[in-house]
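Biologist: I would like a close look at a single part of this model. Please take one helix and go through its surroundings.

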Amino acid sequence: MNNQQPIADPILVVNQLNVRYGAFQAVKEVTFGVSGGEIFGLLGPNGAGKTSTLSAIEGLLQPASGTITVAGFNTKEKPLHARANMGVQLQATSFQPELTIAEIIRLFARIYGVSLNEGAIREKLAAISLEDAADKKIAELSGGQQQRVSLLISTIHNPQLILLDEPTTGLDPQSRRQLWERIEYFRNQGHAVMLTTHSMEEAEAVCDRIAIIDHGRIIAIDTPEALIEKHRHDPEVLKVVRRGKVTLEDVFIGLTGTAVRS
């Protein structure tokens, strides 16, 4: 994790965001920013508003009110400009199974208007330790390898903002660490990275700051270390401490409750 606070102007700014599904309000007055050179985690129980917030940023749903800007472009007023500056990696992605990895990369590069020759494709695959996978089909790769290819494709146009939806779900520890290293690479290159995750270990390991959302509202936002320090003596947190040492998971459960969400 990068211990320095972000110094760049925010690449993503979410201001007073409200999202409704009919009479139900899924997101309520959510405000935060993500700067270049920062990994920002959005954590919350199931149904807390994470996916709705992410979908609004991606442009997949229209907010009831509030504003979202990406690289200075308002997503409502300049949606194409905003989307051109973001890369999105979904939790599950379906690529054309009949194509090789090189063909998939070439296809998406053309969609984004990026010119890549064979040498450039091999270089990009080498950067994610898959230099021998160019002629393989996506189904021939492991889950971790598929996620690395997915991240490569979602960032092939060098976007300023990278959005990751639970990127390491289902991966083994080795694959998860490899993906963390790739995510940190983009942070170190000055990109703004925002991810959702259910893994408190992941949030504590790679996120520079996190926001906890519950019932549609941001209830805490800070560095993982600062949140632990701030709430280590909170009675609700102390109730759920397992091994004597307060962890981010203890803080999360103390703030959001022990009830299982469907």
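Which residues are exposed on the other side of helix 3, away from its buried ones?

Modeller: Arg110 and Ile111 are the exposed residues there. Bear in mind that this is a predicted model.

Start with the buried side. Helix 3 buries Ile101, Ala102, Ile104, Ile105 and Ala109. Viewed down the helix axis, these buried residues fall within an arc of 160 degrees, so they line one face of helix 3. The general geometry fits that reading. An α-helix has 3.6 residues a turn, so residues three or four places apart point the same way.

What covers that face? The cover over the buried residues of helix 3 includes helix 4 (118-127) and helix 5 (143-154).

Now the surface. Leucine 107 also belongs to helix 3, which spans residues 101-111. Its relative accessibility is 31%, so leucine 107 counts as partly exposed. Exposed would require over 50%. Leu107 joins Ile111 and Tyr112 in a nonpolar surface patch of about 270 Å². Ile111 therefore appears twice in this account: it is exposed on the other side of helix 3, and it helps to make the patch.

Next, the end of the helix. Glycine 113 follows helix 3. The phi of glycine 113 is positive, near 75 degrees.

Helix 3 also takes part in ring packing. The structure holds three aromatic pairs. One of them is stacked: phenylalanine 32 and phenylalanine 40 lie 5.0 Å centre to centre, with 15 degrees between the planes. Phenylalanine 32 is buried, at 4% relative accessible area. Phenylalanine 40 is buried too, at 0%.

Another pair involves helix 3 itself. Phenylalanine 95 and phenylalanine 108 have ring centres 5.8 Å apart and planes at 85 degrees, so this pair is edge-to-face. The pair links distant parts of the chain, with its two residues 13 residues apart. Phenylalanine 108 sits in helix 3, while phenylalanine 95 sits in the loop between strand 6 (86-89) and helix 3. The relative accessible area of phenylalanine 95 is 12%, so this residue counts as buried.

To sum up helix 3: one face is lined by buried residues, with helix 4 and helix 5 among what covers them. Arg110 and Ile111 are exposed on the other side. Phenylalanine 108 ties the helix to the loop that holds phenylalanine 95.

Methods
Residues numbered from 1 in each chain as written. Predicted model: local features only at pLDDT ≥ 70, side-chain atom pairs only at ≥ 80, totals over all residues. Heavy atoms only, no water. Patch = residues over 30% accessible without salt bridge, like charges linked within 9 Å, V, L, I, M, F, W, Y side chains within 5 Å. Areas by Shrake-Rupley, 256 points an atom, 1.4 Å probe, with all protein chains shown as cover. Salt bridge = Lys/Arg side-chain N within 4 Å of Asp/Glu carboxyl O. Helix = DSSP H or I, 4+ residues; strand = E, 2+ residues; numbered from the N terminus. Buried < 20%, exposed > 50% of the residue type's maximum accessible area, 1.4 Å probe, protein only. Arc of directions from axis to C-beta. Contact = heavy atoms within 4.5 Å. Phe/Tyr/Trp six-rings, centres within 6.5 Å; stacked < 30°, edge-to-face > 60°.
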